[in-house]
Amino acid sequence: MIIEVSKVSPDGSRYEGEEPADILALDDPHLKAAGPVAYDFHVEVASHELIVRGTVRVRLTARCGRCAEFFSTTAEDSSFLRAYAVPEGTETVDLTGDIREDILLNLPVFPVCMPACKGLCPQCGVNRNKGRCACKPAAGKPGAWSALDGLKLE
């Protein structure tokens, strides 16, 4: 997104629109943009600076980190704020890199389809959200922390 400095009103201007999802350059098979990157900015020029504040958002399709199913979600930042130096003679300011960075920083690190997602059975791989499996709890030697199971704190 490019702002023409000379077209910004003295009281500030509103810029609302969309940029193609290609600006994100997502190269992840588990996370894909499901639409364009939307923005809604208030832009003003003050003391040789272009101040941009507003909201950026993009719809995503992500693979759940627990059950491995794809689901829809949104990455959004309602507190986008940047200041750009605009020395005399500056005609345009390109916000694309900062919009991309802001969205990437707001992507879910460990996406989960729902807080109560039960995940996959570690033995047979059945999605526990869709039904039960016939697996029995794994029996074996106790783990390193099992000694704490009998600890009683009073």
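Start with D102. This residue counts as buried, because its relative accessibility is 6% and the cut-off for buried is under 20%. Keep in mind that we are looking at a predicted model.

Where is D102? The residue lies in helix α1. Which residues does D102 touch? Leaving out residues up to four places away in sequence, the contacts are V56, D77, F80 and R82. Take F80 from that set. D102 and F80 are 22 residues apart in sequence. In space, their C-alpha atoms are 7.5 Å apart.

Now the rest of the helix. α1 runs over residues 96-105. Which of its residues are buried? T96, D98, I99, D102 and I103. They sit on the same side of α1, because they cover an arc of only 165° around the axis. The general background is familiar. An α-helix has 3.6 residues a turn, so residues three or four places apart point the same way.

What covers that buried side? The cover includes β3, at 31-46, and β4, at 49-63. It also includes β5, at 70-85, and β6, at 92-94.

On to the sheet. Four strands form it, and it is open. The order is β2-β3-β4-β5, with antiparallel pairing. Which strands are at the edges? β2, residues 13-19, and β5. Each of these two pairs on one side only. From one strand to the next, the twist averages 15°.

α1 packs on this sheet. The helix touches β3, β4 and β5. Its direction makes about 135° with that of β5.

Let me walk across the sheet, pair by pair.

First stop, β2 and β3. They pair in the antiparallel sense over seven bridges. One partnership to look at: Y15 has F41 in β3 as its bridge partner. In the loop between β2 and β3 you will find A25. Its phi is near 50°, which is positive, and the residue is not glycine.

Next, β3 and β4. How many bridges join them? There are 13, again in the antiparallel sense. L31 has its bridge partner in β4, and that partner is A62. These two strands form a hairpin. Two residues stand between them. S47 is in the turn, and its phi is positive, at about 50°.

Last pair, β4 and β5. The sense is antiparallel here too, over 14 bridges. R53 stands opposite L81 in β5. β4 and β5 also form a hairpin, this time with six residues between the strands. The turn holds A68. The phi of A68 is near 70°, another positive value in a residue other than glycine. Is A68 buried or exposed? Neither: A68 is partly exposed, because its relative accessible area is 33%, between the 20% and 50% cut-offs.

A word on those phi values. Most residues other than glycine have a negative phi. A25 goes against that pattern, with a positive phi near 50°. A68 does as well, with a phi near 70°. Both are in loops: A25 between β2 and β3, A68 between β4 and β5.

Now step back to the whole chain. What does the secondary structure come to? One helix and six strands. Along the sequence, the pattern reads β-β-β-β-β-β-α. The chain is more spread out than a compact globule, because its radius of gyration is 24 Å, well over the 15 Å that the globule rule gives for 154 residues. The box tells you the dimensions. Along the principal axes, the C-alpha atoms fill roughly 75 × 40 × 20 Å.

How much of the chain is buried? Of the 154 residues, 31% count as buried. The chain exposes about 10400 Å². Carbon and sulfur atoms supply 51% of that area.

One more number, on contacts. Take those in the chain with a separation of 6 or more. Residues 24 or more positions apart account for 55% of them.

To close, back to where we began. D102 is buried at 6% relative accessibility. D102 is one of the buried residues of α1. And α1 packs on the sheet, touching β3, β4 and β5.

Definitions and conventions
Residues are numbered from 1 along each chain as its sequence is written. This is a predicted model: local features need pLDDT of at least 70, side-chain atom pairs count only at pLDDT 80 or more; totals for chains, interfaces and linings use all residues. Side-chain values use heavy atoms; hydrogens and water are left out. Buried means under 20% relative accessible area, exposed over 50%, partly exposed in between (1.4 Å probe, protein chains only). The arc is that of the directions from the helix axis to the C-beta atoms. Contact means heavy atoms within 4.5 Å. Two strands pair if DSSP finds at least two bridges between them. Axes are lines fitted to C-alpha atoms, for helices over the stretch in contact, and angles run from 0 to 180 degrees between N-to-C directions. The radius of gyration is taken over C-alpha atoms; the globule rule is 2.2 Å times the number of residues to the power 0.38. Accessible areas come from the Shrake-Rupley method with a 1.4 Å probe; for residues, only the protein chains shown count as cover.
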